[in-house]
Every structure is written in C-alpha cells, then in structure tokens.
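This report concerns a single protein chain. The reader is asked to consult the sequence and the coordinates alongside the text.

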Amino acid sequence: MVIQKPDWILGSTPGKAHSVHYLVAIQYPAGLVYDVLPWAFDPPDYYFWRGLESAAAKVAGYIDLTRAIEWATGVECQQGIDSGAPDRLQWRSGEPEDKTIGYVVSLPSHYNILSWEEDGGDGEWTFPTREEHVTGYDRYVPLPEFLRFVATRLSFEDAI
C-alpha cells in the first residue's frame, strides 16, 4: 500500500493538542532547518515548542510526526514495522550504539525522540516529553537520517 505524502501545515502553532511530536521546518536568518519537537503545555494557558530556544528561530511549518515517519519509512502502522518500503528509510532494532545523536523510536502507542543524557559518569536514554522509559521501544530510525530524507524528499520549500 502506498502512503500518501503528507502536507506541510503553514504556521507556527498547532493549537491546543499538546504532548504531540511534530516534524518542524524552522526558519533561521541563515536558512531553513528541520527538526522534531514536541508541542508542549504549561498551565494555565502557555503552549510552546519544547527545545526551540533560539530567539532567532521561527517555526514556519509542521507535520505530525506519525504521518511524517510513516511516509518516510513506508510503514503505515507500527504492527507492520518490519515490512517497510525498500526505497524508504528502514527501521532498525536493538539499542542504538551512537549516543551522540537522537533517534525516532516506535513505542507501543506512538512515536517519540530518544536521546542520550549524560549525568556525571553515568548516562541514560531519555525522551524530551519527560515520560518514563518503562515499556521500551521496538524499532528506531536515526534522527539525522530522517531529517536528511525529509530535506530531500519532503522539502518545506516545495510546499510554499
């Protein structure tokens, strides 16, 4: 089954649906970059992009991470994660070895970003949404690989 290419949503705020990860196109004075960020909420009424800390950065558009990663891998649901399209990104299994980069991971009910956090001499895999890493993840795609794929095959510039 062919998964339809997702459309970029122009603008910088996805509304009141918080704790959702988005593929974002971020405009800096020097150019456009892609990242995956969670849309977060702090009561009583403050919504923001967790991890977007530069005053010069402006989110120009976004796509729900689920739609973007399903399209990029050719896998429509997590149950079919082993049957990706050969011309797309491939899911990998096991624990990632490179602790210097982030990963898009498949959790039982959603996708998230996994990164290594050093704490003194120890370290641990964490999620930016600060949820517990209790259930583990089935598969992962290296975040830099995903973002390069997006830049070449799902370019924001092509959408505007």
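In this predicted model, Pro-44 is located in the loop between β3 and β4 (46–49). The peptide bond that joins Pro-43 to Pro-44 is cis, with omega at about 10°.

The loop between β3 and β4 also holds Asp-45, which forms a salt bridge with Lys-16. Lys-16 lies in the loop between β1 (9–10) and β2, so that the pair links distant parts of the chain, 29 residues apart. Both Lys-16 and Asp-45 are exposed.

**Salt bridges**

A search of the whole structure yields four salt bridges. The table gives three pairs, including that of Lys-16 and Asp-45.

| Pair | Closest N to O distance | Separation in sequence |
|---|---|---|
| Lys-16 and Asp-45 | 3.8 Å | 29 residues |
| Asp-87 and Arg-153 | 4.0 Å | 66 residues |
| Glu-145 and Arg-92 | 2.6 Å | 53 residues |

Helix α2 takes part in two of the tabulated pairs, through Arg-153 and through Glu-145. The partner of Arg-153 is Asp-87, which belongs to the loop between α1 and β6; the two residues therefore link distant parts of the chain. Asp-87 is partly exposed, its relative accessible area being 48%, and Arg-153 is likewise partly exposed, at 33%. Asp-87 and Arg-153 are further linked with Arg-88 in a network of salt bridges.

Glu-145 meets the side chain of Arg-92. Because Glu-145 lies in helix α2 and Arg-92 in the loop between α1 and β6, this pair ties together parts that are 53 residues apart in sequence. Arg-92 has a relative accessibility of 36% and counts as partly exposed.

**Helix α2**

Which residues of helix α2 (residues 143–153) are buried? They are Leu-143, Phe-146, Leu-147, Phe-149 and Val-150. These residues are on the same side of α2, because they cover an arc of only 155° around the axis. An α-helix has 3.6 residues a turn, so residues three or four places apart point the same way. On the other side of α2, Arg-148 and Thr-152 are exposed.

The buried residues of α2 pack against several elements. The strands in contact with them are β2 (20–28), β3 (31–42), β6 (103–106), β7 (111–119) and β9 (140–142), and helix α1 (65–73) also belongs to this set.

Conventions
Residues are numbered from 1 along each chain as its sequence is written. This is a predicted model: local features need pLDDT of at least 70, side-chain atom pairs count only at pLDDT 80 or more; totals for chains, interfaces and linings use all residues. Side-chain values use heavy atoms; hydrogens and water are left out. Buried means under 20% relative accessible area, exposed over 50%, partly exposed in between (1.4 Å probe, protein chains only). The arc is that of the directions from the helix axis to the C-beta atoms. Contact means heavy atoms within 4.5 Å.
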